[in-house]
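Please look through the sequence and the model that follow, and keep both in view while reading. The report begins with pairs of charged side chains and then moves on to the sheet and the chain as a whole.

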Amino acid sequence: MQKEDFTENVLAEPVAAYSIQEGKPYFIDPLDDLGFKRLLGAEQSKDITITFLNHVLKGKRQVVSLEFLKNEYPGETKEEGGAVIDLVCKDQNGAYFIVEMQRNWQKSFKERSLFYASKLVMEQAPHGNRKGWAYALKDVYVITLLEKFRIKAGNKGKWLHDVALINADTGRVFNERLRFTYIELLSFNKTENQLENELEKWIYALKNLKHLKNTPAAFTEPQLLQFCQAARYINLTKEEKNMISAKTKARWDYYAVIDGAKIMGREEGETLGRADGAHEKAIEIAQALLAKNIDLGIISEATGLGQKEILSLQ
């Protein structure tokens with residue numbers, strides 16, 4: 001079986017930029033749960049979300065208006081797994097959009113994307129005996145931001161992957177109703193001065209905003225400026241600030257535990273290494289004494305080895 005091609009956790013946990021005056025991050029992390037929902041999933045952020053989607057879709061579709069939908073889709077039975085999606089919305093023509101943030105590698109990630117998309121496809125089936133529907137499905141787009149791993153998609157080195165159902169012989173799109181877009185932030189390494197278009201500016205903001213102390217001069221699009229303004233820590237509510245503080249402390253605690261485990265592992269390994277070395281030396285001494293026909297009891301007392309183990313050395 002071919003293994004998934006990914007790079008897991010190759011980046012250290014990012015540390016937020018802090019201003020000298022406030023002692024707080026200047027911008028919140030757009031990739032954090034709170035930041036992602038505040039900046040792309042809130043009613044007051046619809047213009048931001050619409051603009052971002054249009055840049056990602058690159059003319060494949062023009063979104064004019066959006067409706068945010070439920071993001072929890074339970075299974076039809078207790079045994080059937082449900083799905084909780086970061087952001088689900090629908091445009092003016094009924095097309096569905098799943099927008100997901102995936103920070104770390106997850107087993108069967110591609111399959112999970114298909115599972116989530118299938119939920120939106122099945123949701124379109126009318127309840128009851130509705131005539132005339134004839135599988136008139138609306139488009140479903142899955143847009144996923146990947147922070148710390150790469151996905152095998154056949155175009156290594158690229159940070160944007162556009163995936164569709166195609167005819168394997170001709171390479172032509174077989175059906176337009178289902179489309180997947182994967183954005184690898186790990187593979188996007190452009191600096192502010194290298195940004196060539198609006199989409200690259202959005203991706204730069206999503207990846208780097210948490211480290212910045214000012215809105216980049218290259219950002220001129222109104223919705224992107226609105227995105228940065230909404231991401232300013234000073235504009236958060238007290239409740240949102242408390243949530244960030246609690247999550248930051250939990251993250252610090254988590255990494256402290258991980259670091260502690262690494263240290264304990266190294267110390268235990270060194271102890272075991274010393275013990276293995278001492279045991280090998282005892283065996284060498286026992287073999288030398290056996291060659292001189294020394295009494296087993298004396299050899300055991302001298303080396304610390306059991307008599308059965310000593311006998312096995314003969």
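In this predicted model, Arg 179 and Asp 162 form a salt bridge in which the closest N and O atoms are 3.1 Å apart. The two partners come from distant parts of the chain, since Arg 179 belongs to strand β8 (residues 173-184) and Asp 162 to strand β7 (residues 160-166), with their positions 17 residues apart in the numbering. Arg 179 counts as buried, at 12% relative accessibility, whereas Asp 162 is partly exposed, with a relative accessible area of 37%.

Arg 179 also forms a salt bridge with Glu 176, where the closest N and O atoms are 3.0 Å apart. Glu 176 is partly exposed, and its relative accessible area is 44%.

A further pair consists of Lys 190 and Glu 200, whose closest N and O atoms are 2.8 Å apart. Lys 190 lies in the loop between β8 and α4 (198-208), while Glu 200 lies in helix α4, so this salt bridge ties together parts that are ten residues apart in sequence. Here Lys 190 is partly exposed, with a relative accessible area of 25%, and Glu 200 counts as buried, at 6% relative accessibility. Elsewhere, salt bridges that share partners join Asp 29, Asp 32, Arg 103, Glu 147 and Lys 210 into one network.

The table lists the three pairs described above one by one.

| Salt bridge | Closest N and O atoms |
|---|---|
| Arg 179 and Asp 162 | 3.1 Å |
| Arg 179 and Glu 176 | 3.0 Å |
| Lys 190 and Glu 200 | 2.8 Å |

In total, the count comes to 17 salt bridges. As a general point, side chains of opposite charge can pair when their charged atoms come close.

Helix α4 also holds another lysine, Lys 201. Lys 201 is buried, with a relative accessible area of 13%. Once its neighbours within four places in sequence are left aside, Lys 201 is in contact with Leu 195, Ala 218, Phe 219, Thr 220 and Leu 224.

The strands β7 and β8 also appear in an open sheet of six strands, which has the order β1-β4-β5-β6-β8-β7 and mixed pairing. β1 (66-68) and β7 stand at the edges with a single partner strand each, so one side of each is left without a neighbour in the sheet. On average, and with direction ignored, neighbouring strands of this sheet are turned by 20 degrees against each other. At one edge, β1 and strand β4 (residues 87-91) pair in the antiparallel sense over three bridges, and the bridge partner of Leu 66 in β4 is Asp 91. Helix α1 (residues 33-40) packs on the sheet, where it touches β1, β4, β5 (96-102) and β6 (140-146), and the direction of α1 makes about 150 degrees with that of β5.

For the chain as a whole, the secondary structure comes to eight helices and eight strands. Of its 314 residues, 37% count as buried. The protein chain exposes about 19000 Å², of which carbon and sulfur atoms supply 52%. Among contacts in the protein chain with a separation of 6 or more, residues 24 or more positions apart account for 59%.

Note on methods
Residues are numbered from 1 along each chain as its sequence is written. This is a predicted model: local features need pLDDT of at least 70, side-chain atom pairs count only at pLDDT 80 or more; totals for chains, interfaces and linings use all residues. Side-chain values use heavy atoms; hydrogens and water are left out. A salt bridge is a side-chain nitrogen of Lys or Arg within 4 Å of a carboxyl oxygen of Asp or Glu. Helices (H or I, at least four residues) and strands (E, at least two) are DSSP runs, numbered from the N terminus. Buried means under 20% relative accessible area, exposed over 50%, partly exposed in between (1.4 Å probe, protein chains only). Contact means heavy atoms within 4.5 Å. Accessible areas come from the Shrake-Rupley method with a 1.4 Å probe; for residues, only the protein chains shown count as cover. Two strands pair if DSSP finds at least two bridges between them. Axes are lines fitted to C-alpha atoms, for helices over the stretch in contact, and angles run from 0 to 180 degrees between N-to-C directions.
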